[in-house]
Amino acid sequence: HYLGRYNYLGVEKNNAPPPDSWAGDASNDVALIHLTLQPGAKFTLPKANESTVNRSLFYIEGPSGMMVVDGKTIQSKQSLILDPTEDVVLELPEDATEAGEFLWMQGKPIEEPVAQYGPFVMNTQQEIRQAFSDYQETQFGTWPWPREDMVFPA
C-alpha cells in the first residue's frame with residue numbers, strides 16, 4: 001500500500017519501508033497514505049486484505065461539513081475508525097472551495113507487548129530506558145546538518 005515518490009536533498013526515492021521492516025511485509029497490510037481530494041473528486045479506499053486489520057482515517061484539512069465519507073457528511077479535523085471488510089467511498093462536492101486531506105493508516109496488529117514513553121515505542125520498559133540512554137549519548141547517530149534548528153525549504 002505504500003505509494004508515491006519523494007525527493008530528499010535532490011535524490012529521488014521510492015516511498016517504501018525498509019526491506020527488513022515489519023511494515024515491508026505485504027502480509028501485514030500496512031498503509032500510511034496521505035490523500036488529497038480536489039473539489040468534485042470521488043475516491044474509494046479498498047477494503048483491507050483481512051478482517052483483523054486495524055484501519056483509521058483522519059480528516060486533517062479541508063472544508064468542514066462538505067466532505068462525504070460513505071454517504072455521511074463529516075466535519076474537519078475528524079478521526080474515523082473504519083471497518084476493514086468494507087470499501088470506503090470519499091467524496092468532495094464540486095462546489096467545495098478547497099481540497100480535503102486525509103491520513104489513512106492501517107495494518108495488522110503486531111501481537112507483541114507495547115511499551116511507550118514520549119516519542120519512544122518499544123516492547124519493554126527496559127528497552128524504553130535503553131532508547132533514552134542511546135538518545136542522550138548519541139542522539140541516534142548525530143544530526144547531519146550544520147544547525148540544530150535546521151529548516152528545509154518547501
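Is S56 buried or exposed? S56 is buried, with a relative accessible area of 17%, and the first close-up below starts from this residue. The model shown in these views is predicted.

**View 1. S56 and its surroundings in strand 5.** S56 belongs to strand 5, which spans residues 54-61. A relative accessible area of 17% falls under the 20% limit, so S56 counts as buried. Leaving aside neighbours within four places in sequence, the contacts of S56 are L80, I81, L103, W104 and M105. Two of these names, L80 and I81, come back in View 5, where they help to line the largest pocket.

**View 2. Strand 10 with partners on strands 3 and 5.** Strand 10 covers residues 100-107 and pairs with strand 3, residues 31-37, in the antiparallel sense over 7 bridges. Look for L37 in strand 3: its bridge partner in strand 10 is G100. Strand 5 also runs antiparallel to strand 10, and 7 bridges join these two. Here the pair to pick out is E61, which stands opposite E101 in strand 10.

**View 3. The open sheet of four strands.** This sheet is open and has 4 strands in the order 4-9-6-7, with antiparallel pairing. Strand 4 (42-45) and strand 7 (72-73) are the edge strands, each with a single partner, so one side of each has no neighbour in the sheet. For readers who like to trace the connections, strands of a sheet pair through backbone hydrogen bonds, either parallel or antiparallel.

**View 4. Strand 9 inside that sheet.** Strand 9 takes in residues 88-91 and is joined to strand 4 by 4 bridges. Within this pairing, T44 has V89 as its bridge partner, and L45 stands opposite V88. With strand 6, strand 9 pairs in the antiparallel sense over 2 bridges, and V68 is found opposite E91. In a regular strand the side chains alternate between the two faces of the sheet. Strand 9 has a covered face made by V88 and L90, while V89 and E91 make the uncovered one.

**View 5. The largest pocket and its lining.** The volume of the largest pocket is about 150 Å³. Which residues line the largest pocket? They are V69, D70, K72, I74, L80, I81, L82, D83, E86 and V88. Sorted by class, this lining has 6 nonpolar and 4 charged residues, with no polar ones. V88 also sits on the covered face of strand 9, and D70 returns in the next view for its backbone angle.

**View 6. Two aspartates with a positive phi.** Most residues other than glycine have a negative phi, and most peptide bonds are trans. D29 is not a glycine, yet its phi is positive, at about 50 degrees. The place to look for D29 is the loop between strand 2 (11-14) and strand 3. D70 likewise has a positive phi of about 50 degrees, and this residue lies in the loop between strand 6 (68-69) and strand 7. How buried or exposed are D29 and D70? D29 is buried, with a relative accessible area of 3%; D70 has 42% and counts as partly exposed.

**View 7. The aromatic cluster.** A search of the whole structure finds 4 aromatic pairs. Ring pairs link Y117, F120, F132 and Y135 into a cluster. If you are checking the geometry yourself, a pair of aromatic rings is described by the distance of the centres and the angle of the planes.

**View 8. Q125 in helix 1.** Helix 1 runs over residues 125-138 and includes Q125. With a relative accessible area of 46%, Q125 is partly exposed. Q125 and A115 are 10 residues apart in sequence, and their C-alpha atoms are 5.9 Å apart in space.

**View 9. The whole chain, for orientation.** The protein has 1 helix and 12 strands. From the N terminus on, the order of elements is β-β-β-β-β-β-β-β-β-β-β-β-α. Of its 154 residues, 23% count as buried, S56 and D29 being among those described above. Among contacts between residues at least 6 apart in sequence, 60% join residues at least 24 apart.

Definitions and conventions. Residues numbered from 1 in each chain as written. Predicted model: local features only at pLDDT ≥ 70, side-chain atom pairs only at ≥ 80, totals over all residues. Heavy atoms only, no water. 1 Å grid on protein atoms, 1.4 Å probe; cavity = no way out; pocket = protein on both sides within 12 Å on 5 of 7 lines; lining within 4 Å. Points joined across faces, edges and corners; volume = space filled by probe spheres on them. Nonpolar A, V, L, I, M, F, W, Y, C, P; charged D, E, K, R; others polar. Phe/Tyr/Trp six-rings, centres within 6.5 Å; stacked < 30°, edge-to-face > 60°. Buried < 20%, exposed > 50% of the residue type's maximum accessible area, 1.4 Å probe, protein only. Pairing = 2+ DSSP bridges. Contact = heavy atoms within 4.5 Å.
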